[in-house]
Amino acid sequence: MTRVVAVSGSPKMEKGNTERITTCAVEVKGVSKSFGNVEALTDVSFSVNEGEVFGYLGPNGSGKTTTVRVLATLIMPTRGSATVFGYDVQDESLKVRECIGLVQQGLSYEPYLSVLKNITLYGYVYGLSKREIISTSEEVIQLFGLSEYVNRKAVELSLGLKRRLQIAREFVRNPRLLFLDEPTVGLDPEAKRLTLDLIRKKANGGMTVFFTTHNMSEAEYLCDRVAIIERGRLLVVDTPESLKIRTGKDNLEDAYLEIIRRNRHDGNLR
Amino acid sequence: MTGIFGRLVVRNLQTTYDLKPALFVSLLIPNLMYVFIAAFAYEQIIPPFIINGIQIDYADFLIPGVVLMQVVTLSSLGGAMFWTDKHNGMLEQLYSLPVPRSYYFLSKLCAILISSLASGFAIVLLSLPILSGSLHLEYYSVPLFLLSLTACSIIFGFVSMIIFCYVKTPDNVTVYSRLLTTPLIVLSSVFYPLQYAPRLIRTFGNLNPLTYSADVMRASMFGTITTFEYLESLILLVITLSVVVAAKVVFDRKQLDTL
């Protein structure tokens, strides 16, 4: 059991929700992942509490997506272990998959189906009732501003609209843990803010969110805690506020750059 | 888990055909042209010939071959369906569903079977006015008829999916589809009786599962089943099982990071 205290100054804090007792949603112990001779993750360990929005930050190619893929049971770790709600990602992958939702970094959609069918079909595959599919799909279509495109084929949409569709589809159901791998790439500012607020709303409703990004303002706006990873090694896990204090910086972006700079400096010294 | 498997099958059918009958019909038309145009044209220059002791017109001979061509065409879509999922990020999305990975491929196969068998039967039905004189489908020949259709669909469905596990770029999709289907159709007894073909073609034809499917289907449709066709059915069954095992090995080995 872990005690989590939400920080103020962002949508993270809601009245009466400043303090929660939470359990562990994700636990990663010494995970490494190699692709041939390339080690994408090296001895990564961290945990994510249930109901928190956990930001996973790092530059391009740092190992963020690899971590998500390991935790979503899409690939197996080379060494170490990881659990999601107590289920081992290697030995109990089906149980893990029952608990998770995934918005991948790359686009994913049914190209020749309409926006509406893309959303309803996914709800159907997940076994939602007809009534649930109708009500939730209408809701997410409105929320993500897709109403005027419902009959348009997904392949005909712009990049930003495809991204909205991809995220909207995942919000048709309510997984216990949602992996969002750089979900706001390609979104306009309005859709980006809408998405972040929706994620926060879901988290306040009890959903755990694992959010990868290299956009620090998004992480600062949304995340309860963040982890910074570089070149496959985890550098730090803390709240955005603590990281700013520890580095003496005013915002998370500067704190992040300082941590990365120190790591590279130390690495060079070694 | 059975429920989600069924829903995956529906999803595969919907994403491929969008459940529109027009698309299904449009896939029938090219092969029906063989039945209603090519067969009659060839019949003018190809006299009736003897197979298993009965005299048969070329049009009658060609129809079972066309049925199998239709099955091959639609089954080979399995690879393209798989590639489309891979290309559009849906493979990864569906891999995160709470079902074993094999369900994904089996659901594809199931969708292929449904569509290819439906279109195979549609060709038989539409060809009835031509076939009615020579069609002798008996209760004991129906299982062989179904085996021929099903085996052909499983073999070509899985082989195309195996090939498309290795396809990386979209321009190769059409090339691989054509490379898979055209030589196998031409080097089989789909268009001509293999016993009258030159020796080299006969040798290749005898290594081709489509030859066995076509022979078994013809014998079951025209009521000329002999021990030889039962032996061919057995060979067909063995080939089908071998392809299923090969597919399992490839699908298990090819992890998502290497697809």
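## An exposed loop residue in chain A

Let's start with Asn37(A), which sits in the loop that joins β3 (24-35) to β4 (38-49) of chain A. This is a predicted model, and in it Asn37(A) has a relative accessible area of 83%, so it counts as exposed, the cut-off being over 50%.

For a sense of distance, take Ile133(A) as a partner: 96 residues separate it from Asn37(A) along the chain, and their C-alpha atoms are 45 Å apart.

## Two buried loop residues with positive phi

Some background helps here: most residues other than glycine have a negative phi. Thr73(A) is not a glycine, yet its phi is positive, at about 65 degrees. You will find Thr73(A) in the loop between α1 (64-71) and β6 (79-84) of chain A. Its relative accessibility is 0%, so Thr73(A) counts as buried.

Glu182(A) also deserves a look, with a positive phi near 45 degrees in a residue other than glycine. Glu182(A) is placed in the loop between β9 (177-181) and α6 (189-204) of chain A. With a relative accessible area of 7%, Glu182(A) is buried, because the cut-off is under 20%.

## Confidence along chain A

How confident is the predictor in chain A? The average pLDDT of chain A is 88, and 90% of the residues score at least 70. Residues 1-10 of chain A have a pLDDT below 50, and this stretch makes 25 contacts in the model beyond near neighbours in sequence. Residues 13-22 of chain A are likewise below 50, with 27 contacts in the model beyond near neighbours in sequence.

## The fold of chain B

Turning to chain B, we meet eleven helices and two strands. Along the sequence they follow the order α-α-β-β-α-α-α-α-α-α-α-α-α. The radius of gyration of chain B is 19 Å, close to the 18 Å that the globule rule gives for 259 residues, so chain B is as compact as a globular protein of that length. Taken along the principal axes, the C-alpha atoms of chain B fill a box of roughly 55 × 40 × 35 Å.

## Inside and outside chain B

Of the 259 residues in chain B, 54% are buried. Among contacts in chain B with a separation of 6 or more, 78% are between residues 24 or more positions apart.

On the outside, chain B exposes about 11400 Å², with carbon and sulfur atoms supplying 71% of it. As for charge, chain B has 14 positive and 13 negative charges, and the mean positions of these two sets lie 11 Å apart.

Conventions: Residues numbered from 1 in each chain as written. Chains lettered and ligands numbered in written order. Predicted model: local features only at pLDDT ≥ 70, side-chain atom pairs only at ≥ 80, totals over all residues. Heavy atoms only, no water. Helix = DSSP H or I, 4+ residues; strand = E, 2+ residues; numbered from the N terminus. Rg over C-alpha atoms; globule rule 2.2 N^0.38 Å. Buried < 20%, exposed > 50% of the residue type's maximum accessible area, 1.4 Å probe, protein only. Contact = heavy atoms within 4.5 Å. Areas by Shrake-Rupley, 256 points an atom, 1.4 Å probe, with all protein chains shown as cover. Lys, Arg positive; Asp, Glu negative; His and termini not counted. Charge placed at Lys NZ, Arg CZ, Asp CG, Glu CD. pLDDT = per-residue confidence, 0-100.
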